[in-house]
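Here is a short briefing on some strands in this chain and the neighbours they pair with. Have a look at the model as you read.

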Amino acid sequence: MKITFLGTGTSQGIPVIGSTHPVCLSDNPKDKRLRVSVLIEWDNYAYVIDCGPDFRQQMLTANCNKIDGILFTHEHADHTAGLDDIRPFNFRQGDMPIYAHKRVVKALQQRFAYVFETKNKYPGAPGVDIHEIENTPFELGDTTVVPINLMHGNLQVFGFRVNDFAYLTDMKTIAEAEMEKLKHLKVLVINALREESHHSHLNLEEALAFIDKVKPEKAYLTHISHLLGFHDEVEQKLPKHVFLAYDNLQITL
Ligand SMILES: [Zn+2]
Ligand SMILES: [Zn+2]
């Protein structure tokens, strides 16, 4: 299985428009972060988690010309705003399978009403094939995906486990019962916004404490704000099995 980090930034991305913060002005490519998303590939399958406003650019950079579906963690714009750009896939493959909680499907239907239009749909508008998911395992191709219920402040969010890989973003808290699903991971991806605390995201200290509890072989931090600091400086402070993810990083497991 190959994982490509398509974006590792928080909702505004890095650099933030108009910001003169030193991290936003950094020349290091690792300090440039698009909105969070990952591409997961195994055998001939390719799935993307989330479809934020940078989706088009991410698909071009990753040279991705076929995807089998999009899994949504939740409805926030930094995870969904790129949905219109599935059209090139639609023209080649037909309707795009999407996997999301029914609340998220409803939010997409409101924001992208033209995508879900059944009468007089504009020719060339994006098309989706809806798969509502609940907190129970489901199949993608020949593999089982285990959703993990997380809380993002007051909002329910899904994390996903595929084999020994788990991707949890926009988490603040998790019920003890859900921790069962995170045993024996080779790789855990978890959000770490900044050092200061936040009402709906883990900060660095909380993310490291969570990693200590889950005990994956390796952990990668994502959904990063410019306020966390320079990539190279932050990474030096981390335990040796914990890394900051960066855009275009690929890992295989
Ligand atoms: Zn987010
Ligand atoms: Zn969010």
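In this predicted model, strand 5 (residues 96–100) is covered on both of its faces. M96, I98 and A100 are buried on one side, and P97 and Y99 are buried on the other. In a regular strand, side chains alternate between the two faces of the sheet.

**Strand 5 and its surroundings**
- Since 5 of the 5 residues of strand 5 are buried, the rest of the structure largely encloses this strand.
- Strand 4 (residues 69–71) runs parallel to strand 5, and 2 bridges join them.
- Within that pairing, I70 has I98 of strand 5 as its bridge partner.
- Strand 6 (residues 128–132) also pairs with strand 5 in the parallel sense, over 5 bridges.
- Here you will find Y99 opposite H131 of strand 6.

**Strand 12 and its partners**
- Strand 12 (residues 218–222) is mostly covered, with 4 of its 5 residues buried.
- Strand 11 (residues 187–191) pairs with strand 12 over 5 bridges, in the parallel sense.
- To get from strand 11 to strand 12, the chain passes through helix 6 (residues 204–214), and this β-α-β crossover is right-handed.
- V189 has Y220 of strand 12 as its bridge partner.
- Strand 13 (residues 242–244) runs parallel to strand 12 and is joined to it by 3 bridges.
- Y220 is a handy residue to follow: it has F243 in strand 13 as a bridge partner, and it is also the partner of V189.

Note on methods. Residues numbered from 1 in each chain as written. Chains lettered and ligands numbered in written order. Predicted model: local features only at pLDDT ≥ 70, side-chain atom pairs only at ≥ 80, totals over all residues. Heavy atoms only, no water. Buried < 20%, exposed > 50% of the residue type's maximum accessible area, 1.4 Å probe, protein only. Helix = DSSP H or I, 4+ residues; strand = E, 2+ residues; numbered from the N terminus. Pairing = 2+ DSSP bridges. Right-handed = clockwise from strand over helix to strand, strands pointing away.
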